[in-house]
Amino acid sequence: MEGAVRKGLKGLQREMRLMIGEIKLKEEKNQGATHDSKIVLLKELACDIEDFIDLKWVPGAAGALVLSAIEMDPRTDILEEINNFKESIQRVRNWQPDAGSSHGGDGAASSFCPSAASAPPCSPEATLKQTSLRHFLQDKRYLVVIDDVDRPGVWQAIKHEFPENGHSSRIIVTTSVHSVAAECSWGSYVYTMQGLGKDESKEIFWGTVGQENRTLALQGASKGILEKCGGLPLALISVANYLRRQGRAGSRVTGGLTIDQCNRAARTLGDKIQKGQDAEFVKINRALLQCYNNLPDYVHRSCLLYASVFPRGRPINSKVLIRRWMAEGLVAAHGTVTDEEGATCCLEEFIDRSIIEPVEINNARVAWCRVHSIMLEFIIHEAVSKSFVALVDKDELLSNNETIYEGITFGVRVRRLSVQDSSNQGVDDAVKSKSIDLSIMRSLTIFGSPLLDLQVCKSLRVLDLRRCTGVDNIVFGDICKLLFLKYLSLRGTRVGNLPSEIRHLEDLETLDIRDTGVEVVPIEVIRLQKLAHLLGRFKLPHGISSEELEKGRLQTLAGVVITKADQSYENIILHTRKLRKVKIYEATSDSSNSPRNKKAKLSCSFRDSGGASTSNSSLLQIKELFTGSKALQILSIDSSDFSKEFLSFLEAPCAITSIKLRGKLENLPDTPILRQLVVLNKLLLISTGLSCEVLSTLQSLPCLEYLKLEEGCDGFSGGSFIVTSGGFPSLKRLCFEASELPEVQFQEGSMKSLSILDLLCPYSEIPGPRRDMHLCPSYQTCDPEESRLGVVGVSYLENLNEVILHHSTGE
């Protein structure tokens, strides 16, 4: 019988592999709604099978004999369940939706997706007719507008048909894809359109609804609509036309448009756009559905739907989004691409397509982002309709109703639940009213709301309790029983310490304890073999062996609080072989994490408890930490002493690609050393106190792409920041941030790759250039405005595309 169980499980595995193959094959052909519906059902079955394997006990031979003797052998039931799963898989493979199904047929989805079918090859006649277009335009001055180009190949196929005949002709191309815009620009100007402002949005909205309806009461009721439309004209006009019809239809009863109709339209806007059943919403439904269907594959569509678990109107931390995609298994490694690289490429694809927009760019990366308001409304209801997620928002449950597919009945089966800004009673009512089975949930996200009963959530992979109320050490005992947990965020909660029972979370990959009361991480956390990212501000434990560390998968350690007599961090940093990112904080006078505590200047160098320098072998190990294939890649140090010590170790070859140093420095490495740091591409120096003259030596770094120089209230000191010809050959972005902008000179031939210049210093009127600046060759040909701002030679930056100024800068 045990052999039959093993055979049955292998059979399930084989059936699922066949289904995966079918999915990939049909995905390449863009099968449409039927295909998506089958995937939804298959995902449900996959989760059920995984839960079945995880939670069922398959007894060994000895146990089976005893159980068989008393007629309680569970393997008979297990075999029956395996056979049921096989039958369910076959039913899904053979299932076709009814013609009247709410999911629609393949034709409907394909009609909204121009890229679903490849363009037919050009016939000789068609080729000749294009030829005639070029001939027709050859001697004319023309203006051509090409609207909504969604693929670079389209432009490549037609661009040669427009002759450059010297008649000052123009071609305008519109697209929502940044890479297409870059491809079409030919080095010309790319104008990035913004959404309408609040005043413009109101004028369009009320101009369509009718100014006679613009009462004080209705203006207040329409606020939610305007926020969700996000300045998108098509959305504003669509909902305005709908409200105008509603007002006219009810004029004989209510006298016109009412507050209730406005409130209901705001609440159901996403649902109406997603369904597109009302005539006013057909166009925007088609536009958003095309945008969604044109995504490369099911993985991208799933990742986009996943953004619906985050609260409306709040930015999303990009790293949190990427790590949660990975924990949910939405992205998978393939070939040489890792999970994280795949997830990062997915986010970049959304940004390129203008689906997700950056909110904050920090240190040359998108730190925070958001889904455009109206697209978010669409994907929330798309995710709910596919049973991908359920939401409890302000005590209101948004979930799919019971659905029947060819005899397969699914109720409200929630794999992902997001609770946002709700009360205890509201959450309790919402969950009970639909009899939501919490035991099958894979992901639970709670924002600003009370906890659910975590003891029931046995299958959780992702638990995000950021700034959640009611999280204490008692509740943490229940969390430690969630054996399949991969991602755990306690950020902003009141957890004071982590119990030793956390050792049971053997699958944990990310642990976020930032802004909590945890001061010392227990040794059981470091011993978790699958833990990859540990985030917070904590001291490390003592007593862990180098052998245990070398077996672990820890990649990110941000950040460690170190003290003079403590060597625990040295052991962990030196022997964790997969460690790639480390952030080190200076110790405080109090062990508390509170930012109010005053810092005490303690030595943070690699020294033993007696204050003596480490041995030559230890120094060799430390240097090896910065070199070779297993070296650190990203290092951040918030300590003057340790920053100085690090710079003394810095020499070629060095494998570190990104360095951030905060604290006073005495000097920088010599120019010959800087020239050999060919891997370093990102450098941030904050509050170092170094003079501009010293900082100018950084131009010898051959491969540096991003440089940020930031000083506090005292600003920069010591002469001018001068970049000579050939300086910073690879730099793409340069950022100054201080209370006052230093005197900057760019000489001809410098920074040929610079694209973005950030001058984030409060504006102050500079009466004129310094006397010695007249001696600068760049000054002789500079624009008067440049010298007035204290920046000389901007015109020499031949690839400069963008200058970002402090918000206080005048016209």
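These legends go with a set of close-up views of a predicted model.

**View 1. The largest cavity and the residues around its centre.** Rolling a probe the size of a water molecule over the atoms shows where empty space is left. In this model, the search gives 9 cavities of 30 Å³ or more. Here we look into the largest cavity, which holds about 170 Å³ of space. Its lining is made of 13 residues, and the closest to the centre are K43, K386, S387, F388 and R416.

**View 2. What the lining of the largest cavity is made of.** Which helix gives the largest share of the lining? That is helix 2, with 5 residues. Helix 2 spans residues 33–55, and helix 16 (298–306) also supplies at least two residues of the lining. If you sort the lining residues by character, you find 7 charged, 5 nonpolar and 1 polar.

**View 3. S222, a serine between two helices.** Find the loop between helix 10 (216–221) and helix 11 (223–229), and you have found S222. Is S222 buried or exposed? With a relative accessibility of 0%, S222 counts as buried. Leaving aside residues up to four places away in sequence, S222 touches F205 and W206. Take W206 as an example: 16 residues separate W206 from S222 in sequence, while their C-alpha atoms are 9.8 Å apart in space.

**View 4. K272, a lysine in helix 14.** Helix 14 covers residues 259–275, and K272 is part of this helix. K272 counts as buried because its relative accessibility is 19%, and buried means under 20%. Which residues does K272 touch, not counting those up to four places away in sequence? They are Y242, Q277, D278 and F281.

**View 5. Strand 18 and its two parallel partners.** Strands of a sheet pair through backbone hydrogen bonds, either parallel or antiparallel. Strand 18 (residues 634–638) is largely enclosed by the rest of the structure, because 4 of its 5 residues are buried. Strand 17 (residues 581–586) runs parallel to strand 18, and 5 bridges join the two. To find one of these bridges, look for K581 and its partner I634 in strand 18. Strand 18 also pairs in the parallel sense with strand 19 (residues 658–662), again over 5 bridges. In that pairing, S636 stands opposite K660 of strand 19. Between strand 18 and strand 19 the chain passes through helix 26 (residues 640–649), making a right-handed β-α-β crossover.

**View 6. A parallel open sheet of 3 strands.** Follow the strands in the order 22-24-26: they form an open sheet with parallel pairing. The edges are strand 22 (721–723) and strand 26 (791–792), each of which pairs on one side only. Strand 22 is joined to strand 24 (residues 744–746) by 3 bridges. A good place to start is F721, whose bridge partner in strand 24 is V744.

**View 7. An antiparallel open sheet of 3 strands.** In this open sheet the order is 3-5-4, and the pairing is antiparallel. Which strands lie at the edges? Strand 3 (316–317) and strand 4 (356–362) do, and each pairs on one side only. Strand 3 meets strand 5 (residues 365–371) over 2 bridges, in the antiparallel sense. You can trace this pairing from N317 to its bridge partner in strand 5, W368.

Key: Residues numbered from 1 in each chain as written. Predicted model: local features only at pLDDT ≥ 70, side-chain atom pairs only at ≥ 80, totals over all residues. Heavy atoms only, no water. 1 Å grid on protein atoms, 1.4 Å probe; cavity = no way out; pocket = protein on both sides within 12 Å on 5 of 7 lines; lining within 4 Å. Points joined across faces, edges and corners; volume = space filled by probe spheres on them. Nonpolar A, V, L, I, M, F, W, Y, C, P; charged D, E, K, R; others polar. Buried < 20%, exposed > 50% of the residue type's maximum accessible area, 1.4 Å probe, protein only. Contact = heavy atoms within 4.5 Å. Pairing = 2+ DSSP bridges. Right-handed = clockwise from strand over helix to strand, strands pointing away.
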